[in-house]
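User: I have a chain open in the viewer and would like to learn how to read it. Could you take me through the features one at a time?

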Amino acid sequence: RFSITNPFSKEGSFTSGVDQQEQAKPAQRLQDGYEYQKDGEYEKAIATFNDVASAKPELVDIKEAEFQLGRTYVLNKDYANAATTLQQFYDQYPEDPRHDQVGFMLDVAYRELKQWDEAMTFLSDYAEKSPGIEPYVRYQLAVVYRDSGNFPGAIEELGKAVTATGPRRFA
């Protein structure tokens, strides 16, 4: 992912150590953000990941900082910022291997914001793409329907959860 460049230029002359230090700063800041997040210091993690995400693209994996920023917003229960940040990530990086995980975090954020249609969109999409855990996803969809007051929709999704193949642990 991240590598320090060779301290020698193509011409063979030694370049300033400042270039290496500038490249190492975002990587260290990303690591600091992980530590803050792990320790539950979410405000510090948010500030750190924001700082890294706004760094020069060639110096850091900005995508990782943006993902961690959205994740930290969810952990900090700042669902409005989580939804905004994660939606941008979801739209901008559809080929990222964490795309489905981002969809689940978006579901959480949209549920907490009581934006039921958005939450259902991500769960429905995931149910279609991941038949191995379809019963669980269908159960979660039933919960969203119930929470939104759509009881017939909840009953329908529970029926799909019961008939789908895959693990049956719903709680």
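User: Of the contacts with a separation of 6 or more, what share joins residues 24 or more positions apart?

Analyst: A contact means heavy atoms within 4.5 Å. In this chain, residues 24 or more positions apart account for 44% of the contacts with a separation of 6 or more. Before we go on, please note that this is a predicted model, where local features need pLDDT of at least 70 and side-chain atom pairs count only at pLDDT 80 or more, while totals for chains, interfaces and linings use all residues. Residues are numbered from 1 along each chain as its sequence is written, and side-chain values use heavy atoms, with hydrogens and water left out.

User: How many helices and strands are there?

Analyst: Helices (H or I, at least four residues) and strands (E, at least two) are DSSP runs, numbered from the N terminus. Here you will find 8 helices and 0 strands, so the order of elements reads α-α-α-α-α-α-α-α from the N terminus on.

User: What percentage of the chain is buried?

Analyst: Buried means under 20% relative accessible area, exposed means over 50%, and partly exposed is in between (1.4 Å probe, protein chains only). Of the 171 residues, 39% are buried. The accessible surface, from the Shrake-Rupley method with a 1.4 Å probe and only the protein chains shown counting as cover for residues, comes to about 10000 Å², and 51% of that belongs to carbon and sulfur atoms.

User: Which residues have the most contacts inside the largest nonpolar core?

Analyst: In soluble globular proteins, nonpolar side chains tend to be buried together. A nonpolar core is a set of buried Ala, Val, Leu, Ile, Met, Phe, Trp, Tyr and Cys residues joined through side-chain atoms within 4.5 Å. The largest one here has 36 residues, and L86, V102 and L106 have the most contacts inside it. At least two of its residues come from each of α2 (42-53), α3 (62-75), α4 (79-92), α5 (99-112), α6 (116-129) and α7 (134-148). The largest share, 7 residues, is supplied by α6. For a close-up, select V102: leaving aside residues up to four places away in sequence, V102 touches F67, L86, F89 and Y90.

User: How do I check a helix such as α4, and what do its buried residues pack against?

Analyst: Start with its length: the expected span of a helix is 1.5 Å times one less than its number of residues. For the 14 residues of α4 that gives 20 Å, and the end C-alpha atoms are 19 Å apart, which agrees. The buried residues of α4 are Y79, A82, A83, T85, L86, F89 and Y90, and they pack against α3, α5 and α6. Now try α7: its 15 residues should span 21 Å, and the end C-alpha atoms are 21 Å apart. Buried residues of α7 include V137, L141 and V144; as a group, the buried residues of α7 pack against α5, α6 and α8 (151-163). Just after α7, G149 takes a positive phi of about 90 degrees.

User: Where does the salt-bridge partner of D96 lie?

Analyst: A salt bridge is a side-chain nitrogen of Lys or Arg within 4 Å of a carboxyl oxygen of Asp or Glu. The structure holds 16 of them. D96 pairs with K63, with the closest N and O atoms 3.3 Å apart. K63 is in helix α3 and D96 in the loop between α4 and α5, so the pair ties together parts that are 33 residues apart in sequence. D96 is buried at 7% relative accessible area, whereas K63 is partly exposed at 27%. D96 also meets R98 in a salt bridge (2.9 Å, N to O), and both R98 and D96 are buried.

User: How far apart in sequence are K160 and E157?

Analyst: An α-helix has 3.6 residues a turn, so residues three or four places apart point the same way. K160 and E157 both sit in helix α8, 3 residues apart, about one turn of the helix. Their salt bridge has its closest N and O atoms 3.6 Å apart. K160 is partly exposed, with a relative accessible area of 32%, while E157 is buried at 5%. Through shared partners, salt bridges join E128, E134, R138, E156, E157 and K160 into one network.
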